[in-house]
Amino acid sequence: MAPTDKPGQPHSPLPLPCRDLFPFAAKGVYLDTGSAGLSFTGQGAAAAAFYDEAKQVGYTGREIWQAKAGRVRAMLAAMLAVDPGEIEFFSGTTHGLNLTGYSIDWQPGDEIVIAADEFPSVRLAWQGAERAGAIIRLVEIPSESERSAALEAAIGERTRMVVAAHVHSNQGTVIDLNRIGQACRRHNALFVVDGIHALGQIPVDMSLVDIYTAGVFKWLLAGFGLSVFVCRPRARQAMNPAFRGYLNQTPEGGLQFAHVNYPGLYALEASLELLGEKIGWPAVYAHTAMLIDLLAAELARGGIELAAPPGWRSGCASFPVADSEALKAHLADAGMYAAAKGPLMRACPFIYTSREDIMTFARAVIAFARP
């Protein structure tokens with residue numbers, strides 16, 4: 001197995017057969033995992049296996065599909081150190097947030113604490129709560145190093161729930177799950193986390209998180225139409241399922257109300273096997289962190305600092321530029337792909353990214369930024 005790095009460069013901690021598994025990585029520098037991760041060779045065949053089985057066995061294959069769901073639950077449960085029974089599958093991160101909002105018995109005056117600059121899905125999923133008289137408390141974040149502290153300080157006696165992104169989609173800042181979770185426990189509030197920009201690229205400590213919802217099309221590399229929804233016992237006890245179907249007909253039934261996206265589960269299983277079993281999560285996390293440190297150091301040579309401060313960084317590396325759309329177009333012309341986020345450019349490397357990719361990208365950014 002060859003590492004991503006070329007001979008003569010310091011080696012990545014990641015033992016990679018995987019760069020060769022991503023055909024698009026050979027065409028350019030892909031740093032847009034925060035929008036969608038790349039698919040790998042063999043993943044399409046994994047998803048197609050569902051249809052290949054179905055054409056042979058029809059609906060009699062449901063036990064096979066349900067067993068697949070059970071295997072994927074077990075893999076995720078091991079990754080997150082939770083019970084497999086706490087994991088459900090829905091269509092997307094926003095599905096999980098909305099389902100949560102409509103499944104709580106809200107009371108007039110209940111507060112929901114949310115950072116004012118959160119992604120729209122995080123802020124807007126609580127209409128049912130507002131109709132019941134709950135109040136959305138939007139918290140201004142004074143600086144990225146104070147993001148977790150600002151959320152913690154906003155939690156009070158009326159707080160029923162805190163909703164936050166584990167990794168901020170634009171700034172790339174990681175919040176302190178344990179610090180905020182402890183504050184939620186002190187005030188008997190639920191802690192709901194949007195994990196779509198975190199799951200698969202940084203470790204997740206679920207110890208004090210009540211609900212964690214994350215689509216699988218970014219760092220889990222498993223396409224659209226499927227999400228992981230972790231509901232811990234403390235949250236489940238506070239919820240009355242808003243949606244019901246044949247799978248949760250009784251009051252004690254779970255939140256899962258209908259069939260899941262089985263082809264998506266087949267693709268997700270292939271991703272979890274690659275990332276968690278063949279490579280190993282510690283190596284995946286270490287490789288991503290190493291690339292972010294390298295990018296921060298290389299950009300600093302040109303006077304460009306990342307938006308997230310040291311100690312709070314993730315695999316989303318955002319930095320201010322004069323014209324992000326112009327820089328995005330310029331980079332794309334050179335075969336480099338990153339995301340424009342208003343005043344910020346966001347670069348999101350992953351296992352298919354090499355040190356050389358990062359240095360090439362940083363040099364291009366610095367050259368473009370020079371007057």
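## Salt bridges

In this predicted model, the number of salt bridges comes to 15. Side chains of opposite charge can pair when their charged atoms come close. One of these pairs joins Arg71 to Glu269, with 2.6 Å between the closest N and O atoms. The two partners belong to distant parts of the chain: Arg71 is in helix 2, which covers residues 62-80, while Glu269 is in helix 9, which covers residues 262-300, and their positions lie 198 residues apart in the numbering. Arg71 is partly exposed at a relative accessible area of 33%. Glu269 has a relative accessibility of 8%, under the 20% limit, and therefore counts as buried.

The pair is also part of a wider arrangement. A network of salt bridges links Lys68, Arg71, Glu269, Glu273 and Glu277.

## Further charged pairs

A second salt bridge is formed by the side chains of Arg147 and Asp117, at an N to O distance of 2.7 Å. Arg147 lies in helix 6 (residues 147-154), whereas Asp117 sits in the loop between strand 3 (111-115) and helix 4 (120-124), so the pair ties together parts that are 30 residues apart in sequence. Arg147 is buried, with 2% relative accessibility, whereas Asp117 is partly exposed, with 33%.

The side chains of Glu298 and Arg301 also meet in a salt bridge, here with an N to O distance of 3.4 Å. Glu298 is buried at a relative accessible area of 15%. Its partner Arg301 has a relative accessibility of 68%, over the 50% limit, and so counts as exposed.

## Charge distribution and surface

The chain carries 31 positive and 36 negative charges, and the mean positions of the two sets are 2 Å apart. The exposed area of the chain is about 15,200 Å². Carbon and sulfur atoms supply 54% of that area.

## Overall architecture

The chain contains 11 helices and 12 strands. Its radius of gyration is 21 Å, close to the 21 Å that the globule rule gives for 371 residues, so the chain is as compact as a globular protein of that length. Taken along the principal axes, the box filled by the C-alpha atoms is roughly 60 × 55 × 30 Å.

Of the 371 residues in the chain, 57% are buried. Among contacts with a separation of 6 or more, 69% are between residues 24 or more positions apart.

## Two individual sites

Asp32 is located in the loop between strand 1 (29-30) and helix 1 (43-57). The residue is buried, with a relative accessible area of 14%. Leaving aside residues up to four places away in sequence, Asp32 touches Tyr337, Ala338, Ala339, Arg346 and Cys348.

Gln66 is a residue of helix 2, the helix that also holds Arg71. Gln66 counts as partly exposed, at 40% relative accessibility. The C-alpha atom of Gln66 is separated by 9.4 Å from that of His259, although these two residues are 193 residues apart along the chain.

Note on methods
Residues are numbered from 1 along each chain as its sequence is written. This is a predicted model: local features need pLDDT of at least 70, side-chain atom pairs count only at pLDDT 80 or more; totals for chains, interfaces and linings use all residues. Side-chain values use heavy atoms; hydrogens and water are left out. Helices (H or I, at least four residues) and strands (E, at least two) are DSSP runs, numbered from the N terminus. The radius of gyration is taken over C-alpha atoms; the globule rule is 2.2 Å times the number of residues to the power 0.38. Buried means under 20% relative accessible area, exposed over 50%, partly exposed in between (1.4 Å probe, protein chains only). Contact means heavy atoms within 4.5 Å. Accessible areas come from the Shrake-Rupley method with a 1.4 Å probe; for residues, only the protein chains shown count as cover. Lys and Arg count as positive and Asp and Glu as negative; His and the chain ends are not counted. The place of a charge is taken as NZ of Lys, CZ of Arg, CG of Asp or CD of Glu. A salt bridge is a side-chain nitrogen of Lys or Arg within 4 Å of a carboxyl oxygen of Asp or Glu.
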